[in-house]
Amino acid sequence: MASDSGGLLLSTEFHSDAKTTDTSIICRFNGINYTVHISDGALRFHSLPGYTGPLKEQEIFLRNILSAKLVGKNQSRRPLFSPRDFFSRRTGVYDASAATPELQLCVAKRVGEQKWRLKTVVLDFESAEFGERICADIGQFIEGLRSRPKRLMFFINPISGGGQALRLMTRRIIPHLKAAAMPFDYIVTTHSGHAREWILEQPDIGKAFDGLIAVGGDGIFNEILDGVIHRAQDEKITSKSDLSSPTVRVGIIPAGSTDSIGCCIGLGDPVSALIHILLGV
């Protein structure tokens, strides 16, 4: 078993509905100076007077932000995901000599009818205090989203899809989880029934994890689902008619040969499936 964890900067002075911040803050994005504030569930950008370009007003919905963190200038020079085309413009040049940190957002963006990708958005504020305020507000909003998972467990079938499930986990899924600051554990299954056995043996699995995720084909997903259902009945059933619904959610990141389940729910793309899980939708 392996694990990783991450966190968010939070503010005790922030109200969880995140409708409006009291003042606008000046920041620089893609070489353009904006005032930025949180209003009606979105981070809204308005260009300063005198700007005549096409990007006068922009917005990022808070529900699509997966993580927010302040980083040093040198740290943010090579973001994990390209910010290019997030606002249909390339990023500007970073000023490594500036003393203030930059705010790095990991944002989910729809790039097709059923395809999503993560983008890194870097904001340069005129003072560290302003950056900290926005970061705290965004972090508190994310923390208040009840549908978002707090910790995930992944089960990888190493032979699914001719071995592509394990490669997908190491090369794509783990980097995305780290970018989204999502704590996680994972198990590479060693035999048929491994995932089901683990689920039935663990105490308080619903308290330890918000979701059990299959990385592979339909078989590993069905195995997880079978374990979750049997566990729920073993814990709650008192008579033949007393059936109980599972309390832990299950998900799938398709990496098998046919991926019937993923295709049937419109999530045949593995990265898009992961982003839906991270967003809690």
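**Cores, helices and loops of the predicted model**

The structure contains zero disulfides. The model is a predicted one. Cys27 is buried, because its relative accessibility of 1% falls under the 20% cut-off. Cys106 has a relative accessibility of 4% and likewise counts as buried. The protein comprises seven helices and 12 strands. Of its 281 residues, 48% are buried. Among contacts with a sequence separation of 6 or more, 68% are made by residues 24 or more positions apart.

The largest nonpolar core has 28 residues, of which Phe154, Ile173, Leu177, Val215, Ile253 and Leu278 touch the most other members. At least two residues of this core come from each of β7 (102-112), β8 (115-125), β9 (152-156), α2 (164-179), β11 (211-216) and α7 (270-279). Helix α2 provides the largest share, seven residues. A second core, separate from this one, consists of 26 residues, including Leu103, Leu105, Ile142 and Leu145. In soluble globular proteins, nonpolar side chains tend to be buried together.

Two residues illustrate the packing around the largest core. With neighbours within four places in sequence set aside, Ile253 contacts Phe154, Leu168, Ile173, Ile213, Ala214, Val215, Gly216, Pro270, Ala273, Leu274 and Ile277. Leu274, a residue of helix α7, is buried, since its relative accessibility is 2%. On the same exclusion of neighbours within four places, Leu274 is in contact with Phe154, Ile173, His176, Leu177 and Ile253. The C-alpha atoms of Leu274 and His176 are 8.4 Å apart, although the two residues are separated by 98 residues in sequence.

Helix α2 has 16 residues and spans 22 Å from its first C-alpha to its last, close to the 22 Å expected at 1.5 Å a residue. A kink of about 35° is located at Ile173, shortly before the proline Pro175. The buried residues of this helix are Ala165, Leu168, Met169, Ile173, Ile174, His176, Leu177 and Ala179. Of these, Ile173 and Leu177 are also among the residues that touch the most other members of the largest core. His176, which lies in α2, has a relative accessibility of 5% and therefore counts as buried. A polar atom of the His176 side chain lies 2.6 Å from the backbone oxygen of Arg172.

Just after α2, Ala181 adopts a positive phi of about 55°. Ala181 belongs to the loop between α2 and β10 (184-188). Its relative accessibility of 21% makes Ala181 partly exposed, because the buried class is limited to values under 20%. A positive phi in a residue other than glycine is also found at Asp40, where the value is near 50°. Asp40 is situated in the loop between β3 and β4. At 58% relative accessibility, Asp40 counts as exposed, since the threshold for that class is over 50%.

Helix α1 (residues 128-143) contains 16 residues. The distance from its first C-alpha to its last is 22 Å, close to the 22 Å expected at 1.5 Å a residue. Buried positions in α1 are Gly131, Ile134, Cys135, Ala136, Asp137, Ile138, Gly139, Gln140, Phe141 and Ile142. The cover over these buried residues includes strands β2 (25-29), β3 (32-39), β4 (42-47), β6 (65-71), β7 and β8. Ile142, one of the buried residues of α1, is included in the second core. Strands β7 and β8, which form part of the cover over α1, each supply at least two residues of the largest core.

Helix α4 (residues 205-208) contains Gly206. Gly206 has a relative accessible area of 37% and is therefore partly exposed. The C-alpha atom of Gly206 is separated by 9.0 Å from that of Pro246, a residue 40 residues away along the chain.

Terms used: Residues are numbered from 1 along each chain as its sequence is written. This is a predicted model: local features need pLDDT of at least 70, side-chain atom pairs count only at pLDDT 80 or more; totals for chains, interfaces and linings use all residues. Side-chain values use heavy atoms; hydrogens and water are left out. A disulfide is a pair of cysteine sulfur atoms within 2.5 Å. Buried means under 20% relative accessible area, exposed over 50%, partly exposed in between (1.4 Å probe, protein chains only). A nonpolar core is a set of buried Ala, Val, Leu, Ile, Met, Phe, Trp, Tyr and Cys residues joined through side-chain atoms within 4.5 Å. Helices (H or I, at least four residues) and strands (E, at least two) are DSSP runs, numbered from the N terminus. Contact means heavy atoms within 4.5 Å. The expected span of a helix is 1.5 Å times one less than its number of residues. A polar contact is a pair of N or O atoms within 3.5 Å; within protein, one must be able to donate a hydrogen and the other to accept it, and residues adjacent in sequence count only if both atoms are side-chain atoms. The bend at a residue is the angle between axes fitted to the seven residues ending there and the seven starting there.
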